[in-house]
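Grab a pencil and work through a few exercises on a protein model. Try each task yourself before you read the solution.

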Amino acid sequence: MKSIFRYIVLVVLAVAGIVLGTTESVAQEMEYSYYPDQRQAPKVRMEWGVGVGGSYTGIRSISTSDVVLRPRIGFSGHFDMAVCIGRNFAIETEIGYEGASIKAKTEDLSRKVRTRTVDIPLLLSLRLANSRVRISAGPLFTVMSKAEYTENSETRFFGPVYPTWNLAAGIGVGLSRHFIIEARYIHALKDNVNQFDGVEFNTRPYRVTAGITVLF
């Protein structure tokens, strides 16, 4: 667990360094305020936000039919920051947490598998219609993916639900100056190896999320 948090801290510091380095070089052109008329906005500015939403993890076994997996709706939360470049482009990153569950079943055992995931995406964002429409895509780095279930009062490890490297794409619509609703699809670039009820098998996941973000 300590090594996971070290990775999180290192990645966050690296992203923060890139952001701060970019903003420092253009400090004279920046203002930390929102411009309703994007034609008056500075060439480079910062944007911050927090958001919550729901998520659905689609996961299935691709190596055996002995284990049946049925995902459930989960919840997610994230802290966002972005470097906005001109009126139509931005580089976005965030720290996102997801909690969910999967119902796993064999002939002899049925259990709810609880999952926890921490992601850090790095996305390129195209902003249209005065930033009311936002289209983003890029890599997503999963720094933690844990799944556990209980059997005979003992905790069993299911294994990771997501690999380290994934791809993400999303679209958002601005409701007002400070609120955005967004949907995102996450595609895993690698299969996982999992264990349940003594069976080892390969899984292939994907995720769909939807939620609201508050900008400040």
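Below are five exercises, each with a worked solution.

A quick word on the ground rules: this is a predicted model, where local features need pLDDT of at least 70, side-chain atom pairs count only at pLDDT 80 or more, and totals for chains, interfaces and linings use all residues. Residues are numbered from 1 along each chain as its sequence is written, and side-chain values use heavy atoms, with hydrogens and water left out.

**Exercise 1. The overall layout**

Work out how many helices and strands the protein has.

Solution. Start by listing the DSSP runs, numbered from the N terminus: helices are H or I with at least four residues, strands are E with at least two. That gives one helix and eleven strands. Next, read along the sequence, and you get α-β-β-β-β-β-β-β-β-β-β-β. Finally, check burial: of the 216 residues, 44% are buried (buried is under 20% relative accessible area, exposed over 50%, partly exposed in between, with a 1.4 Å probe and protein chains only).

**Exercise 2. Following Arg207**

Find which residue forms a salt bridge with Arg207, and say whether Arg207 is buried or exposed.

Solution. A salt bridge needs a side-chain nitrogen of Lys or Arg within 4 Å of a carboxyl oxygen of Asp or Glu. The partner is Asp119, with the closest N and O atoms 2.9 Å apart. Now place the two: Arg207 lies in strand S11 and Asp119 in strand S5 (residues 110–128), so the bridge ties together parts 88 residues apart in sequence. Then look at accessibility: Arg207 is buried at 4%, and Asp119 counts as buried at 5%. One last step: the charged end of Arg207 sits over the ring of Tyr162, 4.1 Å from its centre (the test is NZ of Lys or CZ of Arg within 6 Å of the ring centre and within 35 degrees of the ring normal).

**Exercise 3. More salt bridges**

Find the residue that Asp191 meets in a salt bridge.

Solution. It's Arg204, at 3.1 Å from N to O. Asp191 is in the loop between S9 and strand S10 (192–196), while Arg204 is in strand S11, so parts 13 residues apart in sequence are tied together. Both ends are partly exposed: Asp191 at 31% and Arg204 at 41%. To widen the view, the structure holds eleven salt bridges, and Glu47, Glu92, Arg127 and Arg134 are linked in a network of them.

**Exercise 4. Pairs of rings**

Count the aromatic pairs, then classify the one made by Phe75 and Tyr97.

Solution. There are six pairs. Rings of Phe, Tyr and Trp (its six-membered ring) pair if their centres lie within 6.5 Å; planes under 30 degrees apart count as stacked, over 60 as edge-to-face and the rest as tilted. For Phe75 and Tyr97, the centres are 6.2 Å apart and the planes at 50°, so this pair is tilted. Try Phe158 and Phe201 too: 6.0 Å and 65° make an edge-to-face pair, and both residues are buried.

**Exercise 5. A nonpolar patch**

Find which strand supplies the largest share of the nonpolar patch on the surface.

Solution. The patch has about 920 Å² of accessible area, and its members include Trp48, Phe79 and Ile181. Members need over 30% relative accessible area and no salt bridge; nonpolar side chains (Val, Leu, Ile, Met, Phe, Trp, Tyr) are joined within 5 Å, and in charged patches like charges are joined within 9 Å. Areas come from the Shrake-Rupley method with a 1.4 Å probe, and for residues only the protein chains shown count as cover. The strand is S1, with three residues.
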